[in-house]
Amino acid sequence: MSGTLLAIAVLQVLTILAGLARAKGLALLLGPAAFGVVSTIDQVVVTVVTLGALGVPFTALKFLARAHSAGPTAFQRSGAGFLRLMTLLGLVSAGIATAVITWRPDTFGAALAAHRHALAIGIFGVPSAMLLMLFVNAFAAARRPIEAAGINLLAVTALAVAAVAGAWWRGVDGVYELGLLAAVLTTGLGLVHLARVLALRFDTPDAGVVGALRGDPAIIGYSLCFYATFAGIAVMMLLARTTVLSVLGAADVGRLQAAFSIALTVGAALYPLSNLYLGPLVNSHGPVAEKARAVDEFVNRLLLLLLVGALPALLFPETLIRILFSAEFAPAAGVLWTFVLWQCVFQIAYVYQQLLIGLDDIVFAAGALILGCVVAIALTSPLTRAMGLGGVAVSLAVGMLLWGVLVAVRLGVKHATWSSPRLVARLTIVLLIVAASGYGFARGSELSVRGVLARVATAGAVALFCLFSLDARERDPRRWIAALRPGS
């Protein structure tokens with residue numbers, strides 16, 4: 001890992017901590033029921049952003065990176081065009097969503113209709129959210145990834161502070177009122193910084209993206225596939241929350257959000273590695289076998305990182321929930337391991353999805369993920385009614401496992417890139433360790449003498465497994481230190 005990648009990973013961890021601090025503050029100030037309402041409104045806003053953006057931020061990253069290599073003039077024209085387009089999409093999306101909740105206030109469930117003011121204010125922040133995505137991708141395309149990650153960290157921190165202050169001031173409504181103010185200020189500062197550093201402005205002459213799209217029509221197909229993929233995930237997550245809201249109530253939505261937050265944290269720090277380290281490898285020119293070998297090596301290390309990251313949530317679920325949220329969220333501790341298992345399955349499948357995209361099999365990649373989302377959505381309601389919160393995680397895990405299996409079979413059948421039996425065995429062992437440890441420690445006293453000894457023994461066994469999974473060179477601490485040096 002280079003010094004740049006390490007810096008990005010550190011910034012990503014800090015961003016995650018800012019999000020957890022927001023969740024902790026809101027959980028203490030609002031309680032499970034109101035916190036559940038906030039998490040559902042947040043997901044509605046994310047869904048509107050995802051559906052309204054039409055995949056443009058990801059298309060912009062590809063176009064801007066190409067324009068940057070062509071020179072500053074091309075980069076500035078393309079960037080200004082995307083600024084205009086993203087602003088237009090944000091305003092249109094916010095306008096449509098506002099009209100929907102005005103004319104049909106129960107669109108997102110009767111429980112949210114009582115919080116229509118907060119939902120409307122949250123939707124007003126959609127244009128700012130879209131522009132923030134563009135800011136981050138613009139700096140990444142300009143080969144300033146650390147600055148891109150830093151901008152994201154500052155924006156998330158500002159919004160977290162505003163949300164907690166708003167909850168203390170005016171409850172749920174205050175979360176979005178001060179949040180909107182922070183979003184507008186952050187967007188204004190971002191536009192100024194973008195103009196000063198990258199010279200991207202709305203008034204750049206001859207700016208536009210229509211001509212660029214005509215010059216490379218394949219990008220439209222890629223954009224639509226990315227759009228379908230991320231829209232499927234956003235809708236899946238929204239329906240999971242609204243199902244729990246209607247079946248179990250607002251308090252359990254709050255507990256669901258606590259489980260989501262912890263599970264997503266397990267894998268969130270790994271996204272920069274998958275995107276910035278593995279992505280360039282599988283999308284570069286080269287033999288298929290070489291790309292597949294790079295992915296297998298990456299997955300070998302990813303499995304260990306996932307296992308280490310998941311261990312605290314598996315061994316001390318109730319203690320972790322009490323620390324990060326409050327005692328009122330503790331009932332979610334018994335099923336936290338199922339959400340962690342879902343996230344592990346998702347992260348592994350996502351890596352192989354990267355390889356499939358790198359091999360230009362984008363349509364099948366998008367279709368497989370959408371099918372997995374459809375299966376998860378279909379299972380959510382019946383499993384939630386039968387199993388409670390754990391049913392949500394099981395439905396998500398089944399859907400994402402189907403996605404991963406389809407991707408693996410496609411890679412093997414069409415591209416002749418079957419994973420080695422050794423890697424498949426290690427992957428299976430890691431998932432079994434996660435499931436067995438989580439289920440075994442889901443109940444019972446965590447801080448009793450017997451409970452602590454059992455957890456220490458499990459952690460020791462996992463540490464030995466991770467150690468012997470590394471080769472002799474990787475076990476040398478001197479190599480770890482050398483890897484942290486910039487340019488290594």
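**Figure 1. Ser395 is a buried residue of helix α16 in this predicted model.** The relative accessibility of Ser395 is 0%. That value is under the 20% limit, so Ser395 counts as buried. Its side chain makes a polar contact with the side chain of Thr380, at 3.2 Å. Thr380 is also among the residues that Ser395 touches. The others are Ala376, Leu379 and Leu383, leaving aside residues up to four places away in sequence.

**Figure 2. A nonpolar patch lies on the surface.** Five residues form it: Leu401, Val405, Val409, Val413 and Trp418. Together they have about 510 Å² of accessible area. Val409 sits in helix α16. Its relative accessible area is 39%, so Val409 is partly exposed. Ser395, a residue of helix α16 as well, is buried at 0%.

**Figure 3. Ala416 has a positive phi in a loop.** This loop runs between α16 (389-415) and α17 (421-440). Phi of Ala416 is near 55 degrees. Most residues other than glycine have a negative phi. Ala416 is exposed, because its relative accessible area of 65% is over the 50% limit.

**Figure 4. Ala199 also has a positive phi in a loop.** Here the loop lies between α7 (145-198) and α8 (210-215). Phi of Ala199 is near 60 degrees. Like Ala416, Ala199 is a residue other than glycine.

**Figure 5. The largest nonpolar core has 134 residues.** Those with the most contacts inside this core are Ile41, Phe339, Val340, Trp342, Met400 and Trp403. Helix α14 (residues 336-358) gives the most to the core. Its contribution is 17 residues.

**Figure 6. Trp403 is shown with the residues it touches.** Trp403 is one of the residues with the most contacts inside the largest nonpolar core. It touches Phe346, Ala349, Tyr350 and Gln353. It also touches Ala365, Ala368 and Leu369. Residues up to four places away in sequence are not counted here.

**Figure 7. Val351 of helix α14 is shown with Val299.** Val351 has 0% relative accessibility, so it counts as buried. The two valines are 52 residues apart in sequence. In space, the C-alpha atoms of Val351 and Val299 are 7.4 Å apart. Helix α14, where Val351 is found, is the helix that gives the most to the largest nonpolar core.

Definitions and conventions. Residues are numbered from 1 along each chain as its sequence is written. This is a predicted model: local features need pLDDT of at least 70, side-chain atom pairs count only at pLDDT 80 or more; totals for chains, interfaces and linings use all residues. Side-chain values use heavy atoms; hydrogens and water are left out. A nonpolar core is a set of buried Ala, Val, Leu, Ile, Met, Phe, Trp, Tyr and Cys residues joined through side-chain atoms within 4.5 Å. Buried means under 20% relative accessible area, exposed over 50%, partly exposed in between (1.4 Å probe, protein chains only). Helices (H or I, at least four residues) and strands (E, at least two) are DSSP runs, numbered from the N terminus. Contact means heavy atoms within 4.5 Å. Patches are made of residues with over 30% relative accessible area and no salt bridge: like charges are joined within 9 Å, nonpolar side chains (Val, Leu, Ile, Met, Phe, Trp, Tyr) within 5 Å. Accessible areas come from the Shrake-Rupley method with a 1.4 Å probe; for residues, only the protein chains shown count as cover. A salt bridge is a side-chain nitrogen of Lys or Arg within 4 Å of a carboxyl oxygen of Asp or Glu. A polar contact is a pair of N or O atoms within 3.5 Å; within protein, one must be able to donate a hydrogen and the other to accept it, and residues adjacent in sequence count only if both atoms are side-chain atoms.
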